[in-house]
Amino acid sequence: MKHLETDLIHAGTEFNSTKAVVTPIFQTSTYFADENPEKYIEAATQPKHPEFYHRHGNPTNSQVAAILAKLEKTEEAIVLATGMAAISTAILAAVKSGDHVIAQNSHYSGAMLFLKDFLSEYGIEVTHVDQTDNSSFVEAIRPNTKLIYIETPSNPNLDITDLAFVGKLGKEKGILTMVDNTFASPINQVPTEFGIDVVIHSATKYLGGHSDLTAGAVCGPKEFIEKVWRKSITLGASLSPFDSWLLLRGLKTLSLRVKQINHNALALAQFLEQNKAIRKVTYTGLSSHPQYELAAKQMKGHTGMLCIEVAGKDENEEFRNAQTILNNLKLFANAASLGGVESLVVHPASMWGTHHSASQKKISGITLGMLRISVGIEHIDDLIADWQQAIDKI
Ligand SMILES: *Cc1c(COP(=O)(O)O)cnc(C)c1O
């Protein structure tokens with residue numbers, strides 16, 4: 001078995017049937033039929049066949065999927081148009097009307113909408129549990145529980161779910177386990193090493209890494225990925241040839257980027273933690289994180305995601321101070337998304353104000369003075385200096 005840095009460059013190259021060193025963009029919707037009818041039937045029916053019709057597959061998609069399956073140590077993977085396409089298609093491949101799902105109190109906002117609103121309209125019940133309390137997963141199990149859906153570290157407040165516990169529970173009870181591994185990236189966390197069955201990514205984030213594409217991935221056992229593929233050809237969220245090619249290009253530097261991002265984020269977290277203008281820093285790489293030991297056990301690095309709460313004498317002042325910082329940062333763009341080479345910052349309470357009810361925000365731990373930071377690969381001294389000058393404006 002090769003190392004992941006090598007797989008990022010060389011895995012899946014068998015899907016490039018040309019002489020070009022760099023896999024070309026297969027900008028075509030359809031492919032010539034094979035003269036041999038047996039072969040044509042195979043192309044039309046085989047899951048993810050790379051040369052039949054784009055919704056079924058594409059050579060670049062197959063190459064990207066082969067790399068991701070190596071990284072996540074699964075038999076197979078499939079790439080789709082967005083992270084949400086990956087989440088919704090994978091969940092719909094796992095459950096049907098009458099089934100029950102266990103999920104967390106805190107999830108990526110789009111996933112939360114899907115779990116809370118969409119699934120209930122189709123007769124699938126979802127119980128939300130505290131991800132930091134292992135026993136709450138056990139207590140939520142019902143005879144019709146078919147899926148445990150988790151996310152760790154979770155968005156935005158970086159709570160950790162015990163992967164080994166959930167993986168073992170799923171195996172014991174015969175329940176499929178699925179994790180959104182977007183925040184960690186496979187460089188920092190490989191959930192299948194802890195017994196999790198299926199790994200989901202918004203490849204829009206770290207995997208693509210340059211904020212220039214949207215994509216999603218589902219990695220898992222061959223049999224399950226075939227089910228996801230079957231759902232995907234009717235739901236139709238196939239990844240475009242160009243975005244797939246950009247993703248392939250981005251993946252080549254994944255390991256380099258994430259290592260630099262891990263390094264920068266820890267340094268920024270340490271700087272902010274000792275700054276009086278900041279009341280609280282949540283970062284899985286700081287010993288002050290309430291689940292620091294669990295994070296250290298299951299993560300190889302701590303990602304570029306951190307959450308801070310700006311200090312103030314009350315909630316309103318915290319909100320104003322957070323806005324002052326947000327408006328004065330120059331290198332950190334105030335923009336949704338994360339995981340790119342450029343640093344970003346968002347105010348979760350504003351971003352999700354319309355989606356989350358007040359009580360849901362409370363459960364998700366979103367406060368008025370909270371800022372979520374995605375650290376990029378700029379020089380760390382410049383990033384720290386940018387925060388210092390913005391804090392000085394308060
Ligand atoms: C962004 C994100 C998603 C959704 O991905 P899209 O590519 O935007 O559809 C899902 N999960 C997490 C954790 C995310 O950060």
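Which elements each supply at least two residues of the lining of the largest cavity? Keep that in mind as you look around this predicted model; the tour begins inside that cavity.

**Stop 1: the largest cavity**

Select helix 3 (59–72), strand 1 (76–80) and helix 9 (222–235): each of these gives at least two residues to the lining of the largest cavity. Now add His56, Gly57, Asn61, Ile78 and Val79, which lie nearest the cavity's centre among its 16 lining residues. The space enclosed here comes to about 130 Å³. Colour the lining by class and you should find 6 nonpolar, 8 polar and 2 charged residues. In total, the structure holds 2 cavities of 30 Å³ or more.

**Stop 2: the largest pocket**

Next, colour domain 1 (4–251) and domain 2 (255–391) separately. Both domains contribute to the lining of the largest pocket, so the pocket lies between them. Its volume is about 330 Å³. Two elements give two or more residues to its lining: helix 4 (83–94) and strand 6 (198–202). To centre your view, pick Tyr108, Asn155, Ser202, Lys205 and Leu338, the residues nearest the middle of a lining made up of 23 residues. By class, that lining has 10 nonpolar, 9 polar and 4 charged residues.

**Stop 3: the ligand**

Show the ligand as sticks, along with the residues around it. There are 15 of these, and Gly83, Met84, Asp180, Thr204 and Lys205 come nearest. Which side chains should you check for polar atoms beside a ligand oxygen? Start with Thr204, where an N or O atom of the side chain is 2.6 Å from an oxygen atom of the ligand. Then try Ser202, which places a polar side-chain atom 2.9 Å from a ligand oxygen. Finish with Lys205, whose side chain has an N or O atom 2.9 Å from an oxygen atom of the ligand. Switch on a surface to see how the ligand is covered: alone it exposes 380 Å², and the protein buries 91% of that.

**Stop 4: backbone details**

Move to the loop between strand 4 (145–151) and helix 7 (163–173), where you will find Pro153. The peptide bond joining Thr152 and Pro153 is cis, with omega about -10 degrees. Pro156 sits in the loop between strand 4 and helix 7 too, and a cis peptide bond joins it to Asn155, with omega about 0 degrees. Asn155 may look familiar, as it was one of the residues nearest the centre of the largest pocket.

Last, select Ser185 in helix 8 (residues 185–188). Its phi is near 70 degrees, a positive value in a residue other than glycine.

Conventions: Residues numbered from 1 in each chain as written. Predicted model: local features only at pLDDT ≥ 70, side-chain atom pairs only at ≥ 80, totals over all residues. Heavy atoms only, no water. 1 Å grid on protein atoms, 1.4 Å probe; cavity = no way out; pocket = protein on both sides within 12 Å on 5 of 7 lines; lining within 4 Å. Points joined across faces, edges and corners; volume = space filled by probe spheres on them. Helix = DSSP H or I, 4+ residues; strand = E, 2+ residues; numbered from the N terminus. Nonpolar A, V, L, I, M, F, W, Y, C, P; charged D, E, K, R; others polar. Domains from an automatic or database assignment. Near = heavy atom within 4 Å. Polar contact = N/O pair within 3.5 Å; in protein donor to acceptor, adjacent residues only side chain to side chain. Areas by Shrake-Rupley, 256 points an atom, 1.4 Å probe, with all protein chains shown as cover.
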